[in-house]
Amino acid sequence: MRFGLSEDQTLLDATVRRLLADQAPLDAVRAYADGGDDHALWSTLCELGLGGLLVPEAAGGLGLGVLDAAVIAEALGYHVTPAPFLGTAVLFPRAVTAAGLNNDPVWQERLGAVVEGGLRIGVAFPQAGGQRSRDSVTAAGENLSGTVTLALDDAADAYLVASNDGALWWVEASASGCAREAFETVDRSRRSCRLTLTDCAATPLTQDPAVLAELRAVAWVILAADSLGAGRAMLDKAVAYAGEREQFNRPIATFQAVKHMCAEMAAELEPCTALVWYAAHCQDHIRDEALTTAGHAKALLGDVGQFVAKTATEVHGGMGFTDLVGLHYWFKRIGFNRQAFGNPQRVRAELAELQGW
Amino acid sequence: MDLSYGPHYEAFREEVRSFLARHSKDAPRGEGLRSEKVLAWQRLLIENGYAARTIPKAYGGYGAAPDILESRIIAEEFAAARVSPGLGGQGISMLVPTLLEVGTEAQKTTFIPPTIRGEMLWCQGYSEPGAGSDLAALRTSAVVDGDDFVVNGQKIWTSTAHLADWIFCLVRTEPEAPKHQGISFLLFPMTTPGIEVRPLVDMTGVANFNEVFFTDVRVPTRQIVGQRGEGWKVANTILGHERGSLGDPNATMTRFNALLELMRRETVDGQRLIDNPLFRDRMASLQSRVLAMRLHDMRLLSNKVNDERAPMASLITKLQGTELRHELEGFAIDVLGELGLAYGDNPDKQDGGSWQTSYMYFLGLIIGGGTSQIQKNIISERGLGMPREPKLAK
């Protein structure tokens, strides 16, 4: 019995974290936020195998699972790394597998390109966070029309698009009738876009809406893991800052008021680790619990993330409010993760429904 | 991730189940601690290795090698069968492991066998009116006079002192030494002349706690555990055990499920309580947290089994476990509204009135065994490496 990471997973985690600390420091995040791109960094991460993490070995990938992806997501969140990880490296290979297209040469080639870092895939689900009146994608034959207000990745080569009926499609960004414009969000460590499709040619992956539900659950786990990592980073920074900052002739870390804020963050974050691991494990191994555990992870990390983001910023005092220490990148990333693909209230309503309350 | 216990343990689980199938009819159901039924059940459990499992045979135990998963399976199966897992209490859970660690051979053979059989009941004399969170400030004194210590002072929050045969007690033997180094750990019978026990009624209306007063209580010097002045260390060999066990997430999940049932059953304005969107959201939120604590508990178990350390993981369980349980019980009262006020002998109270009682009881557990604020000190200092508060200049 082992409830935890394997040696391989621990090693992968350490390797990725070392690389991110070295090659993706806050200055690199700032450069991306100021309009730079993440192409070189993503290539480097793909050399480590991140692009092919979930791609089957037959297509040249590592053939790993959602738990491995969650470990990576936590590391990316810890470093607020700009990377097209969720769409390209997680949801796309997962969609191809779930749609039963792994042995189709066209899709194999695309998976191969993902492994190499030469193909990035965005995500445009109009119903991801609950469908709003401005969001709609309808199909006429194999052509799609409509708008997705928030699509992941403004620099993707293609998008995984869901139509209103839950079917999944592949749309190339260069296709005629596919237009995207910047959808600026508070989180500048990853860029989103508004995708507008006008009678745009698309390739169907599956008509089965269960696949979309499955992808959404996987996204919940990855976003939860990202917030867990970002939250841990904020706690570490708060503890370090409190140890350095002196007021009343002593480090503020000696004041109980400050210590208790840090203890509360630690106490809230700690059980989240087990929940994220388990929810990730369920996606591949315990199908009956896959949706509910993913929902719980998404909802809880939404709330705990928000609490930690606020509290860690407060521990930094006025400095936390400035751009100088850059803490706001974590604050905003956690804020993004909370809303994307359904905020806690939305997910909990679905959880209640799923369990037949 | 490997969530199975493996074939050896699944076979062991079958053994436990088969024992329960054969014997659960003999299990006590609410009989008193001294009843023959309780004592016979305890003997049967020890004989079969389901109580005192790892206590050496020489001291009346079953003598199995410690095995975390076996112990867990026993607990799981007895809980699932709703059968008494045998006696607990501070003698069995705290004193026996302490004696095994630091007791003399004579102390082990004298005290462990009757304690684990339930024939010798203990209470714990630690807290004092002036020594709560700052337990090491305790002042009950023990002065040597011939072959005896003479004990004077007062203890408080002494659970089951009115039932106990003996007390294990922290006393100050070296008043001049720094506070942690002047304490000794003594054992003596509650029938010793000079002991007065006064019940302390708590907010739930129960008198489980007591105040205990000592006036010239004579305790033979051989009844010390460890050396003079080492009582603090002796007590701390096992204090960690107590914290971890408060706010058990499996019990909290059981309560969550009971609340869910209640909310599907009760209606307000013709609507089931669970259909109220605010209640629904709050329930799903509580469920997330209870689930996280259960999985956290599995992670702790796994860490023990695989001998892996995650210090922060164990430091947070008392704080989070008791606060979460208290919140759940309080929320149940909210969803019941005025009906949730029913208490005492009121026939309209729901689930035996347990929501109100537990709401208060778990507030007691938030305070007892190291308050939530003390837990936060511990988490920040031992878990996060933050500095202690500077001492005030005297």
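In the predicted model, E14(B) and R17(B) are joined by a salt bridge whose closest N and O atoms lie 3.5 Å apart. Both residues belong to helix α1 of chain B (residues 7-23), where a spacing of 3 residues places them about one turn of the helix from each other. Neither class limit is crossed at either end of this pair: E14(B) has a relative accessibility of 45% and is therefore partly exposed, and R17(B), at 38%, is likewise partly exposed. Elsewhere, salt bridges with shared partners assemble a single network from D13(A), R17(A), E74(A), R232(A), E270(A) and R299(B). Over all chains, the count of salt bridges comes to 55.

One link of that network pairs the side chains of R17(A) and E74(A), with an N to O distance of 3.7 Å. This pair connects distant parts of the chain, since R17(A) lies in helix α1 of chain A (residues 7-23) and E74(A) in helix α4 of chain A, 57 residues apart. E74(A) has a relative accessible area of 11% and is therefore classed as buried. Side chains of opposite charge can pair when their charged atoms come close.

The network also reaches across the chain boundary, where the side chains of R299(B) and E270(A) form a salt bridge at 3.0 Å, N to O. A further pair between chains consists of E353(A) and R280(B), whose side chains meet at 3.7 Å, N to O. This salt bridge runs from helix α12 of chain A (residues 344-354), which holds E353(A), to helix α9 of chain B, which holds R280(B). The two partners fall into opposite accessibility classes: E353(A) is exposed, with a relative accessible area of 60%, whereas R280(B), at 16%, is buried. In total, 6 salt bridges are counted between chain B and chain A.

The size of an interface is often given as the accessible area lost when the parts come together. For chain B and chain A, the buried area is about 4100 Å², with carbon and sulfur atoms contributing 63%. On the chain B side, the greatest losses of area to chain A are those of M1(B), R299(B) and M386(B), which together account for 18% of what that side buries. The contact involves 49 residues of chain B and 41 residues of chain A. Polar contacts between the chains amount to 20 residue pairs, counted where both residues have pLDDT 80 or more. Several helices of chain B each supply at least two residues to the side that touches chain A, namely α8 (249-265), α9 (277-305), α10 (311-315), α11 (317-336) and α13 (372-383). The largest share of this side comes from α9(B), with 18 residues. By residue class, the side of chain B that touches chain A comprises 25 nonpolar, 11 polar and 13 charged residues.

Within chain A, the domain assignment yields domain 1 (7-116), domain 2 (121-207) and domain 3 (210-354). The centres of domain 1 and domain 3 of chain A, taken over C-alpha atoms, are separated by 21 Å. Contact between these two domains of chain A engages 25 residues of domain 1 and 31 residues of domain 3. About 2300 Å² is buried between domain 1 and domain 3 of chain A, 68% of it on carbon and sulfur atoms. Of the area that domain 1 buries against domain 3 in chain A, 26% is supplied by E74(A), Y78(A) and R94(A), more than by any other three residues.

The same domain pair of chain A is bridged by 4 salt bridges. R94(A) pairs with E214(A) in a salt bridge, with 3.1 Å between the closest N and O atoms. Polar contacts across the interface of domain 1 and domain 3 of chain A number 9 residue pairs, both residues being at pLDDT 80 or more. On the domain 1 side, α2 (26-33), α4 (66-78) and α5 (85-98) of chain A are the elements giving two or more residues, and α4(A) gives the most, with 9 residues. The side of domain 1 of chain A that touches domain 3 of chain A divides into 18 nonpolar, 4 polar and 3 charged residues.

In chain B, S184(B) is located in strand β5 (residues 183-189). Its relative accessibility is 0%, and S184(B) is therefore buried. The side chain of S184(B) is in polar contact with the side chain of T173(B) at 2.7 Å, and a polar atom of the S184(B) side chain lies 3.0 Å from the backbone nitrogen of G229(B).

Definitions and conventions. Residues are numbered from 1 along each chain as its sequence is written. Chains are lettered from A and ligands numbered from 1 in the order in which they are written. This is a predicted model: local features need pLDDT of at least 70, side-chain atom pairs count only at pLDDT 80 or more; totals for chains, interfaces and linings use all residues. Side-chain values use heavy atoms; hydrogens and water are left out. Contact means heavy atoms within 4.5 Å. Buried area is the accessible area (1.4 Å probe) that two parts lose on being put together, summed over both. A polar contact is a pair of N or O atoms within 3.5 Å; within protein, one must be able to donate a hydrogen and the other to accept it, and residues adjacent in sequence count only if both atoms are side-chain atoms. Helices (H or I, at least four residues) and strands (E, at least two) are DSSP runs, numbered from the N terminus. Ala, Val, Leu, Ile, Met, Phe, Trp, Tyr, Cys and Pro count as nonpolar, Asp, Glu, Lys and Arg as charged, and the others, Gly among them, as polar. Domain bounds come from an automatic or database domain assignment. Buried means under 20% relative accessible area, exposed over 50%, partly exposed in between (1.4 Å probe, protein chains only).
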